[in-house]
Amino acid sequence: MIRSDWEAVLDHNRADLVRAVQPLTDEQSRRRLVPSLTTPIALIKHCAAAERVWFQRTVGGLEESQCDGYARGDDQSWVVPPEQTLEETIVEYEAAAERSRAIARTALEGDVFVHYRRGAVSFSWICAHMIEELARHAGHADILVEQILAADRGRCS
């Protein structure tokens, strides 16, 4: 895959993730339909953390304290403060994604970086991983949003 292809797929997945949750109210976005911490708003929050982990920390070499928000891939990455709205969470995610794009422009496809848990990974691997991560979570968001909206219309079977 050439660089412009993976950039386009990554941006497409970023947009799909955001598009999936936009029909929801703040209350709907926080509904838990599964035992895990996964909610529509938490998917956005978690993906913002993933952007920071892989692009800010790993590619950019920033210390965690230099990142523009939470930058670990643990359970805390799914936690959304009660006062944070869905719109604010989307803005936070889009800012993290924009910073990822800027950092990505400084890397070459064959560059190797050290991730704090995985060790050495190539830039191409990071991009493939982020495409996978965002596509998976956009799919989760699609399903959760469909269930929430159907239940609110009284048509969930």
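Helix α1 (residues 3-21) and helix α4 (residues 86-104) pack against each other at an angle of about 175°, and their axes sit 11 Å apart. That makes the two helices roughly antiparallel. Keep in mind that this is a predicted model. Beyond the helix pair, there's a charged network to look at, plus an arginine in helix α3 (residues 40-59), Arg52.

**Where α1 meets α4**

- On the α1 side, the contact is made by Arg3, Trp6, Asp11, Arg14, Leu17, Val18 and Val21.
- Across from them in α4 are Leu86, Ile90, Tyr93, Glu94, Ala97, Ser100, Arg101 and Ala104.
- Sort the residues of this contact by type and you get 9 nonpolar, 1 polar and 5 charged.

**The salt-bridge network**

- The structure holds 16 salt bridges, and one network of them links Asp11, Arg14, Glu51, Glu98 and Arg101.
- Asp11 pairs with Arg14 in a salt bridge, with the closest N and O atoms 2.8 Å apart.
- Those two are 3 residues apart in helix α1, so about one helical turn separates them.
- Arg14 also forms a salt bridge with Glu51, at 2.8 Å from N to O.
- Because Glu51 lies in helix α3 and Arg14 in helix α1, this pair ties together parts that are 37 residues apart in sequence.
- Over in α4, the side chains of Glu98 and Arg101 meet in a salt bridge, again given N to O, at 2.8 Å.
- Glu98 and Arg101 are 3 residues apart in helix α4, which means about one helical turn lies between them.

**Buried or partly exposed?**

- Arg14 is buried, with a relative accessible area of 5%, and its partner Glu51 is buried too.
- Asp11, at 29% relative accessibility, counts as partly exposed.
- Glu98 is partly exposed at 42% relative accessibility, and Arg101 is partly exposed with a relative accessible area of 24%.

**Arg52 in α3**

- Arg52 is found in helix α3, and with just 1% relative accessibility it counts as buried.
- What does the side chain of Arg52 reach? It goes to the backbone oxygen of Tyr70, at 2.9 Å.
- Setting aside neighbours within four places in sequence, Arg52 is in contact with Arg57, Cys67, Asp68, Gly69, Tyr70, Ala71, Glu92 and Ala96.

Notes
Residues are numbered from 1 along each chain as its sequence is written. This is a predicted model: local features need pLDDT of at least 70, side-chain atom pairs count only at pLDDT 80 or more; totals for chains, interfaces and linings use all residues. Side-chain values use heavy atoms; hydrogens and water are left out. Helices (H or I, at least four residues) and strands (E, at least two) are DSSP runs, numbered from the N terminus. Buried means under 20% relative accessible area, exposed over 50%, partly exposed in between (1.4 Å probe, protein chains only). A polar contact is a pair of N or O atoms within 3.5 Å; within protein, one must be able to donate a hydrogen and the other to accept it, and residues adjacent in sequence count only if both atoms are side-chain atoms. Contact means heavy atoms within 4.5 Å. Axes are lines fitted to C-alpha atoms, for helices over the stretch in contact, and angles run from 0 to 180 degrees between N-to-C directions. Angles under 35 degrees count as roughly parallel, over 145 as roughly antiparallel, 65 to 115 as roughly perpendicular and the rest as oblique. Ala, Val, Leu, Ile, Met, Phe, Trp, Tyr, Cys and Pro count as nonpolar, Asp, Glu, Lys and Arg as charged, and the others, Gly among them, as polar. A salt bridge is a side-chain nitrogen of Lys or Arg within 4 Å of a carboxyl oxygen of Asp or Glu.
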